[in-house]
Every structure is written in C-alpha cells, then in structure tokens.
Amino acid sequence: MISPTRKHQVKKLLFIACLLLCGAVQAAIAPALLAPLAGDDFDPKLDALAKIGALANDDATRLLTALNNDALYKTADGRLLIVTDDQAYDPATDKTGPMPEGLDGVMLNNRLRGAVEEALSALKLFSKDRAERAAAVGELLKSVTYAQAPLIDKALAAEQDSAIREQLQLVAATANLQSPDAARRKAAVEALAGSSNASLRPALEAMQGKNDDGTPVEPDEAVRVAAAKTLAAIDSRLARTEFLGNVFYGISLGSVLLLAALGLAITFGLMGIINMAHGELLMIGAYTTYLCQMAFRHYFPSAVDAYLFAALPAAFLVTAAVGVAMERTVIRWLYGRPLETLLATWGISLILMQAVRTIFGAQNVEVANPAWMTGGVTVLGNLVLAYNRIVIIGFSLVVVAGVWLILNKTRLGLFVRAVMQNRRMAGCVGVSTARIDMMTFGLGSGIAGLGGVALSQLGNVGPDLGQAYIVDSFMVVVLGGVGQLAGTIIAAFGLGEANKFLEPFAGAVLAKIGILVFIIVFIQKRPQGLFALKGRSVE
C-alpha cells in the first residue's frame, strides 16, 4: 500500500513533469509543420504558414518574422534555420549554433509573402498592448480568411476586453463564412446580422449568385436564406448610417457657411456694402491662426495645443483692424453706391491676396489641429463624428449668440440698428453715424476673422482660401434675407444640408449648380429672401 502522502508527492511530481514537458513542447515548433516550408510546392507552404500562425506563441512569431525578413534558410537535409549574424537558430530543436555552410534561402512569392504578413498581423491579437490588439482586429475585419479561424478562436478565448471581444466575434463569423461546414456558415451569417461593416456585402451577395453552370454558389438553401436576411439588415443599417452621416456633415458645412457669411450679413445686409474682400478677411483670420501656432511652437512648445485660444482674439482684432482701415480709407466715401463698393473691394481683395503671397509664399501653410480636436467618436458601427467638426459646430452657435447679444442687448447694437434703419434721424439725435459705420464694419470683419480660424482647422490655408467661400457667403445672405440674422442661420444650415444630400447623386459641381439655380428662382419669386428687413437706412 502506498500512503496518501506518498500519492500526493507522486502526483505533484507528475504535474511538474507535465509542466516541464509542455514548456519543452512550446519551446520548439514541430518538424512536421516546418517541413513544407523547405519544399518547393507553394500550396503546402500556405497551409503550413496558417498552422504555424495558429500556434500563437513567441516561436511562431520569431519564425514568421525571420521569413518575412528573408532570414530563414534551409540546409541540404531539409532543416530550417533562422540566421542572425553568424549564428543559426533551429526552431525545431530550440537550439542555437554556428551557421553551417551550404544554406539556401527559403523562397517566397507574392502570395506567400502576403500570407506571412497576414499571419504576423493576426499574431498581434495576443499582444499585451490593448491598442495593438484593437488595431489587429480592425485589420482582420478587412481581409480575414478561413485559414485564420483557429487563431481567431484562440484569441477570442483569451481576450478579456469586452469591446475587443465583440469585434473579434465579428471577425470569427466573417472567417467562418468560408467554412466547408454548412452549419458553421449559417451560424456565421446569422451572427453578422447586427454588423454595419459594408465590406461584408460582397461575400453575402456572392452567396446569392450562381456558377457558370447555373448551380448556386452557396449549395445550402438555409444558408442562402439567412444570407439574404443578413444582407437586407446590413443594407438597412448602412442606409440609416449614411443618412445620419449626411445630416451631421450637412450641419458641419452649414456651421462653416454660417461663420463665413455672418460677418457679410452685417457689412452687406445692414450696411449695404458689397464687400468682395470678405473672403480675404477669412484668409487673414486663418493666417493669424498660423502665426499663433508658430509662436506657441517656438516660445511655448509644452502648451502648443492651447494656441487656438490665443488665435481667436488675435484673429478677431487683426481682421477688425483691417476692416476699420478699409472703411476709413475707401468705403466711407462710397456709401449709397453699391456697384462702386463692389469694384473697390474687389481691388482690395487682389491687393490682400498678393500681400499674403509676398509674405508667406504661394504655397499652403500647415495649421494642425490641437490634440484635443484630433480624432473622432464612432457611432453606429462605422460613422465617425470628427472632433474638430463638433467643436466648430458649437463654436458657430456661440458666435451667433454673441452677435445677437451685441446687436440686441448693447448700446452699440442699439446705435447700429438706429443708423441702419434711419441714418438721418439717428444723426439728428446725436449719434455719430461715421463712428458707428466704422465700428459696424470692424465688427463684421472681426467675425470674418473668427470664421477664418474655424476654416484653418478643416482644410488647407493658402492665399486663395477666401475665394472658395465668397460666393457661398453671398448666397447665404441673399437667401436668408438681407440684414436678417435668423434668415442667415436658416439659410446657412439649409444650404449645408442640401449640398450634402445632393452630392452623392449629382456630384459636387452639379449639386452646387442646382443650389444656385434654386436660389435664383427663389429670389425671383421672393426678392426679400426668407425674411424681409423691417427698415432700411435713409440717406
């Protein structure tokens, strides 16, 4: 009889022996898996690569990396060696020794090299870095194969992060679409019904097709029915996502148009000045933002992400000063003569553009988003709402609220409305109409500078920046009703939405032409725009 204590000791020794044996097995790759890589037939090599990748251990990663870097060689007797400097490592025995003579490199064609890269990418599913695992899942969603299914199942069993597990389940289902087992294909198709991944559509559509001889591509009818239902669900979800995406980007475009047109609504709508240099005021605001960014990079590199907070008041003051200079030197002599203001401000716009080209050069300059405006939030699976656009939408609403408060709740706003509605009467009661004209034009120009700050966060900053928005700004002001803040807001967001919903069907150019034709017809029927101005300045 063996005592219980003795039995326990024996079991413990056996357990330790098993652990050591498992460690020894995991420390090397079975020669049967390595043998096809030393041959000349590429199909067995593909199969071997898939099986080696499924091991998901350090030895597999080391072997695949060596293969990818052309550091894997074979001996005359068919053994594989990983060569580093003058040392040769044998992955079958886990031993390192001097490099023997007569080695030949393991040959790879483009197909095999792609398989190696896919296997290395899939092995990142076992990384300790969560971001690296998430990135690997994203890559697999684009190009997963059934050969990677065992590796994905192994990663799914080990993954603890719920968000990554959810994505891995989609990857596993996508891989199983190619399974030879009809039951697994049907389960995979049904599992994908909640996905919003448009890249799944070709595989599901192929299941509905037929071969050249008329037989169905998918032989199992139950799988075909499930594929049809899943495809309809994905299409419905994609349509909703596209609609919401168009709504968001329409609001984003509308906020940009609002910022671009708001200053013009004051200088043109209230003062009757056709300011063709308004686009160049936007440009000056954008270049002021660029200078603030450069100053922060040079003097405050640790706080460079805060440059935008300095750029906002700087852009407002700089463009307001330019506007005041324009009004005092040229525009003050042209009130009541809109065509002459058009020609004069057009000349000023050319001068400003050439001045910028002389100072900064004709090439675009880089204005980078701060870190807190970089990236976006993902909703509905694949719709990304960019942070910079969300911030600009909120900023445009803040600017509109500020303009409304200035025009309706301040003494300056009272004088502005008085002068614009009846200039002579305002002058008779002691209002300095010339001073109010100067301040009003400066306010409209300063708001254009704020619009330039916003535009610098969305695209390139160059001498021609304002030319892309001057026509749209006039369309917004005319459609909304000259001098009407509410009309400007409605017109800006309305044109933004119309543009985004028309572009997918008609293209960007035809969409713009269609909107222009609509505005022309609308103004013919309603010359005052959406809202009529209650009063107009009397000379």
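Here are a few worked exercises on the predicted model shown above.

**Exercise 1. Work out which parts of the chain the salt bridge between arginine 133 and glutamate 159 brings together.**

Solution. Start with the pair itself: the closest N and O atoms of arginine 133 and glutamate 159 sit 2.9 Å apart, which is inside the 4 Å cut-off for a salt bridge. Next, place the two residues. Arginine 133 is in helix H6 (residues 130-143), while glutamate 159 is in the loop between helix H7 (149-158) and helix H8 (162-176), so the bridge ties together parts that are 26 residues apart in sequence. Last, check the surroundings: arginine 133 and glutamate 159 are both buried.

**Exercise 2. Do the same for arginine 185 and glutamate 218, and say whether they are buried or exposed.**

Solution. This pair also forms a salt bridge, with its closest N and O atoms 2.8 Å apart. It links distant parts of the chain: arginine 185 belongs to helix H9 (residues 182-191), and glutamate 218 to the loop between helix H10 (201-206) and helix H11 (221-270), 33 residues away. As for burial, arginine 185 is buried and glutamate 218 is too.

**Exercise 3. Classify the two partners of the salt bridge between glutamate 503 and lysine 500 by accessibility.**

Solution. Get the geometry down before anything else: the closest N and O atoms are 3.9 Å apart. Both residues lie in helix H20 (residues 485-506), three residues apart, or about one turn of the helix. Now the accessibility. Buried means under 20% and exposed means over 50%. Glutamate 503 has a relative accessible area of 26%, so it is partly exposed. Lysine 500, at 24%, is therefore partly exposed as well. While you're on salt bridges, note that shared partners join Arg201, Glu205 and Asp235 into one network, and that the structure holds 11 salt bridges.

**Exercise 4. Describe helix H20 from end to end.**

Solution. Count and span come first: H20 has 22 residues and runs 31 Å from its first C-alpha to its last, close to the 32 Å expected at 1.5 Å a residue. Then look at burial, where the buried residues include Leu485, Ala491, Phe493, Leu495 and Asn499. Finally, step just past the helix, and you'll find glycine 507 with a positive phi of about 90°.

**Exercise 5. Find the residues that touch the most other members of the largest nonpolar core.**

Solution. This core has 74 residues, and the ones to pick are Leu262, Met283, Val399, Val403 and Leu495. The largest share of the core, 12 residues, comes from H11. Now zoom in on leucine 262: setting aside neighbours within four places in sequence, it contacts Val399, Val400, Val403, Ile447 and Leu485. Don't stop there, though, as a second, separate core of 60 residues includes Val116, Leu140, Leu141 and Val144.

**Exercise 6. Decide whether aspartate 90 is buried or exposed, and list its contacts.**

Solution. Aspartate 90 is located in strand E3 (residues 87-90). Its relative accessibility is 8%, so it counts as buried. Beyond four places in sequence, aspartate 90 is in contact with Arg79, Leu80, Leu81 and Lys95.

**Exercise 7. Pick out where pLDDT stays under 50.**

Solution. Take the overall picture first: the chain averages a pLDDT of 81, and 92% of the residues score at least 70. Residues 6-26 stay under 50, with three contacts beyond four places in sequence. Residues 535-539 also stay under 50, and there the model has 20 such contacts. Where pLDDT is low, the predicted coordinates should not be read in detail.

Methods:
Residues numbered from 1 in each chain as written. Predicted model: local features only at pLDDT ≥ 70, side-chain atom pairs only at ≥ 80, totals over all residues. Heavy atoms only, no water. Salt bridge = Lys/Arg side-chain N within 4 Å of Asp/Glu carboxyl O. Helix = DSSP H or I, 4+ residues; strand = E, 2+ residues; numbered from the N terminus. Buried < 20%, exposed > 50% of the residue type's maximum accessible area, 1.4 Å probe, protein only. Core = buried A, V, L, I, M, F, W, Y, C linked by side-chain atoms within 4.5 Å. Contact = heavy atoms within 4.5 Å. Expected span 1.5 Å × (residues − 1). pLDDT = per-residue confidence, 0-100.
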